[in-house]
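Subject: Structure for you to look at

Hi,

Here is the structure I promised to pass on. Have a look at it first, then read my notes below.

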Amino acid sequence: QKGEHLPHHSRFAITSFLTSIGMTTDEIVELYRVNSSFGEEMTRYQTDHIRGDSSPTEYSPPSCATMQSYGDCVNKDDLCERIPHPMAYYEERIDDADDEDLEDWRGQDGEADGETASAE
């Protein structure tokens with residue numbers, strides 16, 4: 001969000017995480033607009049590819065160990081010692097959060113719903 005250039009592996013980790021929590025391509029593209037080398041067409045293409053819309057594979061976020069090896073893990077805390085994957089970290093932090101402070105992107109269509117998404 002500071003507009004700094006991120007390496008490909010960092011953009012992949014962020015994008016795959018955001019798609020996994022339910023953000024839409026449009027929402028993700030908007031987040032990348034702050035980057036000086038932003039290209040909407042390429043960002044949209046890569047996001048759709050990662051989410052499996054334009055490829056046969058829906059990519060999952062990398063594990064914490066992988067992110068640490070690439071230097072993508074920032075602001076480590078005590079929970080990091082027990083959690084092996086960013087999605088598990090997200091789940092635990094959402095479960096521990098006060099509902100008033102919560103913006104949970106796991107709702108359908110990328111809408112924050114303040115509740116844990118349920119299978120329908």
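Below is what I found, going from the whole chain to the helix pairs and then to a few single residues.

**The whole chain**

Keep in mind that this is a predicted model. The protein chain has 5 helices and 0 strands, so reading from the N terminus you simply get α-α-α-α-α. Of its 120 residues, 30% are buried. Taking the contacts with a separation of 6 or more, 41% are between residues 24 or more positions apart. The accessible surface is about 7900 Å², and carbon and sulfur atoms hold 48% of that.

**How the helices pack**

Three helix pairs are worth going through: α1 with α2, α1 with α3, and α2 with α3. For each pair I give the angle and the axis distance, because two packed helices are described by the angle between their axes and the distance between the axes.

Start with α1 and α2. Their axes lie 10 Å apart, at an angle of about 145°, and the crossing is right-handed. On the α1 side the contact uses Arg11, Ile14, Thr15, Leu18 and Thr19, while α2 brings in Ile28, Leu31 and Tyr32. Sorted by class, that contact has 5 nonpolar, 2 polar and 1 charged residues.

Next, α1 (residues 8-20) against α3 (residues 40-51): here the angle is about 60° and the axes are 9 Å apart. That is why the two helices count as oblique to each other. Their crossing is right-handed. From α1, the residues involved are Phe12, Thr15, Ser16 and Thr19, and they meet Thr47, Ile50 and Arg51 of α3. The breakdown for this contact is 2 nonpolar, 4 polar and 1 charged. Thr15 and Thr19 of α1 turn up here as well as in the contact with α2.

The last pair is α2 and α3, with an angle of about 135° and axes 10 Å apart. This makes α2 oblique to α3, and α2 passes α3 in a right-handed crossing. Thr25, Asp26, Ile28, Val29 and Tyr32 come from α2, and they meet Glu40, Thr43, Arg44, Thr47, Asp48 and Arg51 from α3. By class you get 3 nonpolar, 3 polar and 5 charged residues. Some names come back again: Ile28 and Tyr32 of α2 are in this contact and in the one with α1, and Thr47 and Arg51 of α3 meet α2 and also α1.

**Asn35, in the loop between α2 and α3**

Is Asn35 buried or exposed? Asn35 sits in the loop between α2 (25-32) and α3. Its relative accessibility is 14%, so this residue counts as buried, the cut-off being under 20%. Apart from residues up to four places away in sequence, Asn35 touches Gly3, Glu4, His5 and Leu6.

**Met67 and Cys73**

Met67 belongs to helix α4 (residues 64-70). With a relative accessible area of 17%, Met67 is buried. Which residues does Met67 contact, leaving aside its neighbours within four places in sequence? They are Ala13, Pro62, Asp72, Cys73 and Pro86. There is also a C-alpha to C-alpha distance to note: Met67 and His9 are 8.6 Å apart in space, with their positions 58 residues apart in sequence.

Cys73, one of those contacts of Met67, is in the loop between α4 and α5. At 25% relative accessibility, Cys73 counts as partly exposed. Besides Met67, Cys73 touches Gln68, again not counting residues up to four places away in sequence. The C-alpha atoms of Cys73 and Pro86 are 9.5 Å apart, and the two residues are 13 apart along the chain.

**Asn75, for the backbone**

One backbone angle to check is at Asn75, in the loop between α4 and α5 (86-96). Its phi is near 55°, which is a positive value in a residue other than glycine. For context, most residues other than glycine have a negative phi. With a relative accessible area of 71%, Asn75 is exposed.

Cheers

Terms used
Residues are numbered from 1 along each chain as its sequence is written. This is a predicted model: local features need pLDDT of at least 70, side-chain atom pairs count only at pLDDT 80 or more; totals for chains, interfaces and linings use all residues. Side-chain values use heavy atoms; hydrogens and water are left out. Helices (H or I, at least four residues) and strands (E, at least two) are DSSP runs, numbered from the N terminus. Buried means under 20% relative accessible area, exposed over 50%, partly exposed in between (1.4 Å probe, protein chains only). Contact means heavy atoms within 4.5 Å. Accessible areas come from the Shrake-Rupley method with a 1.4 Å probe; for residues, only the protein chains shown count as cover. Axes are lines fitted to C-alpha atoms, for helices over the stretch in contact, and angles run from 0 to 180 degrees between N-to-C directions. Angles under 35 degrees count as roughly parallel, over 145 as roughly antiparallel, 65 to 115 as roughly perpendicular and the rest as oblique. A crossing is left-handed if the near helix is turned anticlockwise from the far one by less than a right angle, and right-handed if clockwise. Ala, Val, Leu, Ile, Met, Phe, Trp, Tyr, Cys and Pro count as nonpolar, Asp, Glu, Lys and Arg as charged, and the others, Gly among them, as polar.
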